[in-house]
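Got the viewer open and a selection box ready? Here is a walk through the model, one stop at a time.

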Amino acid sequence: ELTHFVGFTRNISNRKEIENERECMVAALAHDLLGPVIGEDCVLSQMLAGRMGALNDEVCKALKLLSQTNKDILETVSNVLEMYRCRPGAELLFQEHLDLNMALPDWVDAFRRLSNQRENLFQVHISERLPALRASRQGLRRLLNNLLDNSVKAAIGVDSIHITAWSSHETITIEVTDTGF
């Protein structure tokens, strides 16, 4: 015989409405952000393939740098969009096999060219062959760009900025130092 009854009701329509709005926002972001960047990437590919006329070496280098930056933007937008789709606690950064021996000098050179800094300002020192690692290429590159940008902006009379990388046991250290005041 049932003598007591406790019932709970909960209106989940508000939560469903918020979820629908979030899905609409993600779709709008995907269209508004990815569309133009993908279009730029197609045009850059056509230019680099020579389908829009001959290019000199300097222009080719600049277009290759723009193309790589475009790919980085595509990856950033994709990561932002993925964050909206992820479950709580899910890993948000894409980790991949990364060789810092090759990536570090390339990232520093790309930063130098984009920031219009002189050729010999950045000195990269890799003390030994660094082991490969699994990490977010984009996250590490963003971190390095921020450190280099801070060194360029904050240091007055900078003679050089040193980027030093070494490994010890299971740790890889990347250090950015400058000779400014």
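Start by selecting Thr164: beyond its neighbours within four places in sequence, Thr164 is in contact (heavy atoms within 4.5 Å) with His125, Thr173, Ile174 and Glu175. Thr164 sits in strand E4; helices (H or I, at least four residues) and strands (E, at least two) are DSSP runs, numbered from the N terminus. Add Ile126, which is 38 residues away from Thr164 along the chain, and you find the two C-alpha atoms 5.8 Å apart.

A word on what you are looking at. This is a predicted model, in which local features need pLDDT of at least 70 and side-chain atom pairs count only at pLDDT 80 or more, while totals for chains, interfaces and linings use all residues. Residues are numbered from 1 along each chain as its sequence is written, and side-chain values use heavy atoms, with hydrogens and water left out.

**The sheet**

Now show E2, E4 and E5 together. These 3 strands make an open sheet in the order E2-E4-E5, with mixed pairing. Strands E2 (122-126) and E5 (171-178) are the edges: each has a single partner strand, so one side of each lacks a neighbour in the sheet. On average, neighbouring strands here are turned by 15° against each other, direction ignored; axes are lines fitted to C-alpha atoms, for helices over the stretch in contact, and angles run from 0 to 180 degrees between N-to-C directions.

Which strand pairs with E4 in the parallel sense? That is E2, over 5 bridges (two strands pair if DSSP finds at least two bridges between them). To see one of them, pick His125, whose bridge partner in E4 is Thr164.

On the other side of the pairing, E4 (residues 161-168) and E5 run antiparallel, joined by 8 bridges. Step along them: Ala165 has Ile174 as its bridge partner, Ser167 stands opposite Ile172, and Ser168 is bridged to Thr171. Then follow the chain round the hairpin, where 2 residues lie between E4 and E5. Click on His169 in that turn to find a positive phi of about 55°.

Next, bring in helix H3 (residues 100-114). H3 lies across E2, E4 and E5, and runs at about 175° to E2.

**Two pockets**

Switch on a surface. A pocket here is an open set of points on a 1 Å grid over the protein atoms alone, where a 1.4 Å probe fits, with protein on both sides within 12 Å along at least five of seven lines; lining residues have an atom within 4 Å of a point. Grid points are joined across faces, edges and corners, and a volume is the space filled by probe spheres set on the points.

The largest pocket holds about 310 Å³. Select Gln68, Asp106, Trp107, Arg137 and Arg141, the closest to its centre among the 16 lining residues. Helix H2 (57-85), H3 and helix H4 (137-154) each give two or more residues to this lining. By class, the lining has 5 nonpolar, 2 polar and 9 charged residues (Ala, Val, Leu, Ile, Met, Phe, Trp, Tyr, Cys and Pro count as nonpolar, Asp, Glu, Lys and Arg as charged, and the others, Gly among them, as polar).

Move on to the second largest pocket, at about 250 Å³. Its lining includes Thr69, Asp72, Leu114 and Asn145. H4 gives the most to this lining, with 5 residues.

**Colour by confidence**

Finally, colour by pLDDT, the predictor's confidence in each residue, from 0 to 100. The chain averages 77, and 77% of the residues score at least 70. Confidence is highest in E4, at 86, and lowest in helix H1 (residues 13-48), at a mean of 76. Then select residues 87-92, where the pLDDT is below 50 and the model has 4 contacts beyond near neighbours in sequence. Where pLDDT is low, the predicted coordinates should not be read in detail.
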